[in-house]
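The following exercises ask the reader to examine how a bound molecule is held by its surroundings. Please work through each task before reading the solution below it.

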Amino acid sequence: MTTGILSKIISNDLISSDIYRIRLERTPDMGNIEAGQFFHIKSQDSGAFFLRRPISVCFTTDNEIHLVVRKSGKGTKVICEKRAGDSLDLLGPLGNGFRLADPDKKILLIGGGIGTAPLLELARQLENPHVKVLLGYRKDPYLVDEFQKYSKEVLVAVEEGERGYSGYVTDLLKQEIDHEQPDCIYACGPEVMLKKVQQLGLQYQIETQLALEERMACGVGACLVCSCKVKAEENGWHFVRTCKEGPVFSGSEVIFDE
Amino acid sequence: MTTGILSKIISNDLISSDIYRIRLERTPDMGNIEAGQFFHIKSQDSGAFFLRRPISVCFTTDNEIHLVVRKSGKGTKVICEKRAGDSLDLLGPLGNGFRLADPDKKILLIGGGIGTAPLLELARQLENPHVKVLLGYRKDPYLVDEFQKYSKEVLVAVEEGERGYSGYVTDLLKQEIDHEQPDCIYACGPEVMLKKVQQLGLQYQIETQLALEERMACGVGACLVCSCKVKAEENGWHFVRTCKEGPVFSGSEVIFDE
Amino acid sequence: MNRVDMKVDLKGLEMKNPITVASGTFGFGREYEAYVDLNEIGGIMVKGLTLEPREGNPVPRVAETPMGMLNSVGLQNPGVKAFIEQELPYLSQFDTKVIANINGNTIEEYCRMAEILSNTSIHAIELNISCPNVKEGGVAFGVKPEMVFEVTRRVREYSDKYLIVKLSPNVRDIKEIALSAEEAGADCLSMINTLMGMAIDIETQRPVLARGIGGLSGPAVKPVAVRMVYEAARTVKIPIIGMGGIMEGADAVEFLLAGASAVSVGTANFINPRASMDIKEGIESYLQRKGYASVKDIIGGLRF
Amino acid sequence: MNRVDMKVDLKGLEMKNPITVASGTFGFGREYEAYVDLNEIGGIMVKGLTLEPREGNPVPRVAETPMGMLNSVGLQNPGVKAFIEQELPYLSQFDTKVIANINGNTIEEYCRMAEILSNTSIHAIELNISCPNVKEGGVAFGVKPEMVFEVTRRVREYSDKYLIVKLSPNVRDIKEIALSAEEAGADCLSMINTLMGMAIDIETQRPVLARGIGGLSGPAVKPVAVRMVYEAARTVKIPIIGMGGIMEGADAVEFLLAGASAVSVGTANFINPRASMDIKEGIESYLQRKGYASVKDIIGGLRF
Ligand SMILES: Cc1cc2nc3c(=O)[nH]c(=O)nc-3n(C[C@H](O)[C@H](O)[C@H](O)COP(=O)(O)OP(=O)(O)OC[C@H]3O[C@@H](n4cnc5c(N)ncnc54)[C@H](O)[C@@H]3O)c2cc1C
Ligand SMILES: Cc1cc2nc3c(=O)[nH]c(=O)nc-3n(C[C@H](O)[C@H](O)[C@H](O)COP(=O)(O)OP(=O)(O)OC[C@H]3O[C@@H](n4cnc5c(N)ncnc54)[C@H](O)[C@@H]3O)c2cc1C
Ligand SMILES: Cc1cc2nc3c(=O)[nH]c(=O)nc-3n(C[C@H](O)[C@H](O)[C@H](O)COP(=O)(O)O)c2cc1C
Ligand SMILES: Cc1cc2nc3c(=O)[nH]c(=O)nc-3n(C[C@H](O)[C@H](O)[C@H](O)COP(=O)(O)O)c2cc1C
Ligand code: FES
Ligand code: FES
């Protein structure tokens with residue numbers, strides 16, 4: 001019987017413009033945590049915002065979990081403004097995680113913006129010397145150094161900025177596919193990026209795993225607000241729950257609308 | 001053109017069970033502050049509670065205002081849990097204040113529970129050597145030492161506790177009236193206490209000034225939710241605004257229901 | 001930055017900006033003069049008036065609820081004549097539209113008030129057919145289309161003033177109500193009035209409000225209000241003044257996009273006495289940021 | 001401390017405690033088994049069922065609003081037959097009342113579902129005549145007294161199961177609706193379903209929900225819900241299951257005092273998966289603190 005876990009903030013640092021890295025105490029009742037899973041977060045001072053907010057696990061150690069959060073709206077603002085010593089109420093870990101490929105496979109990770117965050121824990125868990133990472137940012141990159149620790153190479157693309165390739169991260173993807181011929185692509189980021197990954201995966205017959213975002217209420221599979229369209233025998237498609245059957249889906253099953 | 005004033009908390013101390021004394025920075029835009037006036041308080045982290053909360057001025061210096069707040073419900077809980085360095089959003093000072101009697105008058109102050117708070121600033125402002133103070137508490141007295149500074153004598157009544165007279169503060173009132181023959185009684189506290197003061201005032205023809213409480217929304221006289229019944233030529237009574245014409249009313253005008 | 005054009009034209013009532021303050025939440029203006037330059041407000045809906053003075057309901061008249069409040073003021077007001085004599089001269093000093101909110105127990109009372117007000121300098125009449133606090137009337141008029149039609153049509157006969165009909169949200173279908181008011185000759189609709197609600201003090205086991213039931217306002221009702229404005233705007237051709245839980249510029253923009261031609265700020269005044277100004281500035285900066293020249297460009301601009 | 005008696009008797013449906021979980025907010029129970037011992041819940045209203053499987057509405061289906069949320073799930077469910085085959089056996093393991101929430105596009109569909117469910121081990125049928133998300137039906141049944149009467153009367157003919165009629169708050173007069181359901185043979189009323197609302201994303205200028213309008217739930221609606229339960233309880237003799245914004249024990253006590261014989265926990269589950277248990281304990285400690293022996297002692301106990 002578990003419910004939201006009160007977890008204390010060890011530190012909270014601004015790591016890029018509006019991007020915060022929050023280190024929290026990991027407690028035993030969180031159990032095993034898979035890369036790609038998320039925590040559903042509430043602030044203790046209830047009233048600040050109403051529904052929980054889903055935030056992916058970015059990195060774990062035996063005693064810590066790290067979240068990387070982009071301050072965008074009401075809820076993430078409150079979360080990002082918490083200080084060391086404050087607590088957050090975490091429900092989870094929830095959802096499925098990425099299915100980890102065998103260590104002999106050639107792996108490509110591609111992340112866009114805040115979607116880079118869950119890939120760091122994935123890179124760590126893959127324990128694979130053949131991991132190559134493509135990271136796309138609008139302006140200032142973050143987490144790059146750490147990705148380097150868990151991969152053979154990291155390529156960075158920025159839309160407007162100094163560092164790395166200047167343009168979209170998906171521009172890099174095509175050439176990397178040709179170059180590396182990866183067995184599996186893991187992706188997290190904006191929908192347009194995921195669509196591109198899916199399309200290239202299908203085209204080159206590469207397995208893709210896509211971490212999706214959808215607005216959630218319960219986070220545990222009960223309310224059915226977070227539906228994601230996937231292929232099905234009957235009718236061609238049906239809805240599954242992003243919070244439960246996802247947030248990681250195979251590129252071969254997801255149907256993106258128009 | 002003023003609106004709510006953000007005022008920083010200098011200190012916040014628990015001075016009795018669930019009673020907090022909050023020292024705040026006094027700013028020039030607060031202007032002159034009369035004893036009996038109140039601030040209408042909002043917390044900056046909007047969402048914690050919705051409407052403002054009226055809290056009387058308990059004490060002022062040139063640079064500080066002190067509030068004494070009883071943690072009772074949702075709003076006062078948030079206010080009482082603020083720490084030094086946090087700010088409160090204060091609208092005011094609002095309402096009328098006590099009309100200060102001439103320094104040669106014999107004055108009796110009577111306060112019950114948290115109603116003792118606004119009388120401290122009154123005692124200070126009266127600058128009158130003939131002030132006698134009756135204070136009633138349920139259990140643990142507070143502010144007593146300070147009242148002593150501004151009066152010739154302080155009598156304390158407690159319903160359950162060690163210190164002072166054991167019983168209701170109104171029990172002391174009758175004997176003090178006989179004894180002191182005061183020219184004016186100032187009172188703040190629960191309605192049953194105020195009724196008793198009003199009744200004795202009328203009976204002995206002593207001027208009474210009563211500080212009332214009523215639920216408020218705007219605090220500035222616009223919404224008419226805080227009506228107080230006072231005597232009137234036509235119909236025998238009419239409603240006036242506790243936040244504007246009050247919170248201090250003459251005992252000769254207020255009509256308490258049943 | 002270029003100033004955007006904030007003028008709105010409610011087909012017969014032009015306002016310098018789309019901000020009005022809601023009836024019952026701004027007194028007769030005086031109470032907020034220390035906080036707001038009344039010249040900066042598009043229009044002021046004054047406290048609800050009745051033919052005779054009223055003392056209103058017993059206290060407590062207010063209860064706090066989650067992101068909202070209940071009130072049961074019950075139309076405490078000095079009566080329409082005292083308003084004209086004592087309050088209107090004050091309000092008329094300002095360059096703002098004065099809108100008289102009228103409340104009757106009978107159709108005759110509404111007509112009589114409309115007639116009396118027609119010979120004054122007020123700019124518009126707001127027919128409140130929805131105040132849930134008056135036992136005798138209020139509710140009955142506002143919740144049935146036939147009654148809405150009847151009271152609007154009759155009042156229309158008694159006054160040439162710009163006529164706003166204020167709708168109640170306590171209805172089955174706001175579209176048919178809106179249509180009835182339009183067909184009966186309303187120049188404009190304002191909506192929503194408060195939703196009927198109740199709060200109970202579990203310690204005393206009594207309702208918080210002396211009268212038990214009161215009117216719910218504030219952010220809690222905003223989704224209902226936006227929905228109703230949207231539905232009404234797609235149904236009628238006359239302009240709509242939208243309200244219900246507007247606390248900041250973004251909320252007002254929601255109403256404008258949904259189809260309101262102006263907005264009204266109510267409960268927000270109680271929390272922030274300068275709310276109307278902050279909301280006005282909030283709309284302006286939204287328009288600037290999005291590159292609009294005029295507030296008119298976003299009215300009804302909701303896309304699917 | 002002595003345990004208080006939490007049993008309630010809804011005249012034909014006895015529950016070990018007054019806590020139920022609201023339809024659509026608790027799936028088919030499974031989803032919360034990691035958080036709550038389902039044996040500890042008085043009754044479980046399952047996700048709204050339809051005759052045929054439904055995929056529901058496009059996403060986004062949820063919007064956060066001030067102290068509330070809008071949803072437009074649109075009755076995504078596997079259909080009544082799949083429920084009976086795949087979900088009911090699981091639920092039947094537990095010592096709790098299983099309440100099937102049914103939704104039809106036509107009266108015939110409602111009757112057909114009632115008939116099918118009559119031969120199962122469910123304890124009660126909850127007739128949802130108020131889901132605002134289904135274009136074809138829903139709304140029409142729930143908002144007019146004649147229709148409420150008709151659908152209830154017909155379903156009554158097809159099933160001997162305990163029949164709960166779930167009322168919509170999007171009505172003019174909840175009393176006449178409640179009375180119609182009672183007269184047509186309902187054993188119990190549950191209320192309120194969601195209020196219709198809308199939220200607009202001012203950046204995209206589109207509704208947050210793909211379907212535009214959705215159902216408002218959560219604390220924001222509590223005052224409306226308490227008021228309606230109070231009005232209905234004074235009008236009908238059948239018991240009422242109250243819901244709408246219950247987040248903690250104190251909220252549940254408000255509904256019980258207003259006249260509900262049991263309560264239902266909806267949106268709160270999303271914020272706190274153990275909400276139903278916390279609310280149960282909250283009621284218990286209230287009763288203990290106030291010296292009541294049984295929860296029955298406070299039902300309808302509101303004083304003026
Ligand atoms: C599985 C999953 C993992 C995520 N991981 C991360 C992460 O690691 N770091 C991070 O910064 N963000 C992450 N997000 C996005 C994050 O949940 C949203 O940015 C956040 O909910 C926005 O809340 P807000 O209060 O700031 O915005 P508001 O706009 O005020 O939110 C209003 C409502 O919309 C929902 N909402 C708004 N944007 C999104 C969105 N993009 N996705 C889902 N719901 C949204 C909110 O949850 C809330 O219910 C993740 C989302 C999902 C679904
Ligand atoms: C003029 C005036 C001066 C006051 N001065 C002080 C003071 O110096 N120190 C102090 O501790 N308290 C004072 N009070 C009482 C204080 O305002 C209430 O205790 C406080 O509003 C309760 O808020 P809450 O959120 O804790 O309670 P809740 O019960 O959660 O409040 C719910 C609503 O009821 C209102 N309310 C509840 N109790 C009261 C009350 N007794 N009076 C007015 N409104 C109430 C709240 O303002 C709020 O709108 C004063 C009240 C008034 C009218
Ligand atoms: C204290 C109070 C008094 C009100 N009095 C009136 C009134 O006299 N006439 C009227 O038409 N509406 C009255 N209203 C309703 C408001 O004008 C407005 O329609 C409603 O509060 C919704 O807007 P809001 O959520 O911004 O407050 C009153 C509202 C409040 C809160
Ligand atoms: C996501 C969601 C789905 C719902 N689905 C249904 C449903 O299928 N059938 C039904 O009768 N009510 C449904 N409801 C309404 C709830 O059962 C309940 O009446 C309403 O949410 C008010 O209670 P609350 O404020 O505690 O959530 C749903 C509510 C939510 C939030
Ligand atoms: S968020 Fe409730 S089912 Fe996914
Ligand atoms: S609180 Fe608004 S008039 Fe007094």
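A polar contact is a pair of N or O atoms within 3.5 Å. The model used here is predicted.

**Exercise 1.** Find which polar atoms of chain B lie beside an oxygen atom of ligand 2.

*Solution.* Begin with the side chain of Ser72(B), where an N or O atom is 3.5 Å from an oxygen atom of ligand 2; since the cut-off is within 3.5 Å, this pair can be listed. Turn next to the backbone, where a polar atom of Pro54(B) is 2.6 Å from an oxygen atom of ligand 2, and a backbone N or O atom of Lys74(B) lies 3.3 Å from an oxygen atom of the ligand. Finally, consider the cover as a whole: ligand 2 on its own has 830 Å² of accessible area, and the protein covers 85% of it.

**Exercise 2.** Describe the shell around ligand 2 by its elements and by its residue classes.

*Solution.* First, look for elements of chain B that supply at least two residues each, which include strand S4 (53–56), strand S6 (64–70) and helix H1 (74–80). Among the contributors, S4(B) gives the most, with four residues. Then sort the shell by class, which yields nine nonpolar, five polar and six charged residues.

**Exercise 3.** Identify the polar contacts that Gly75(A) and Glu213(A) make with ligand 1.

*Solution.* For Gly75(A), take the backbone, where a polar atom is 2.6 Å from an oxygen atom of ligand 1. For Glu213(A), take the side chain instead, where a polar atom lies 2.7 Å from a nitrogen atom of ligand 1. Taken alone, ligand 1 exposes 820 Å², of which the protein buries 84%.

How values were computed: Residues numbered from 1 in each chain as written. Chains lettered and ligands numbered in written order. Predicted model: local features only at pLDDT ≥ 70, side-chain atom pairs only at ≥ 80, totals over all residues. Heavy atoms only, no water. Polar contact = N/O pair within 3.5 Å; in protein donor to acceptor, adjacent residues only side chain to side chain. Areas by Shrake-Rupley, 256 points an atom, 1.4 Å probe, with all protein chains shown as cover. Nonpolar A, V, L, I, M, F, W, Y, C, P; charged D, E, K, R; others polar.
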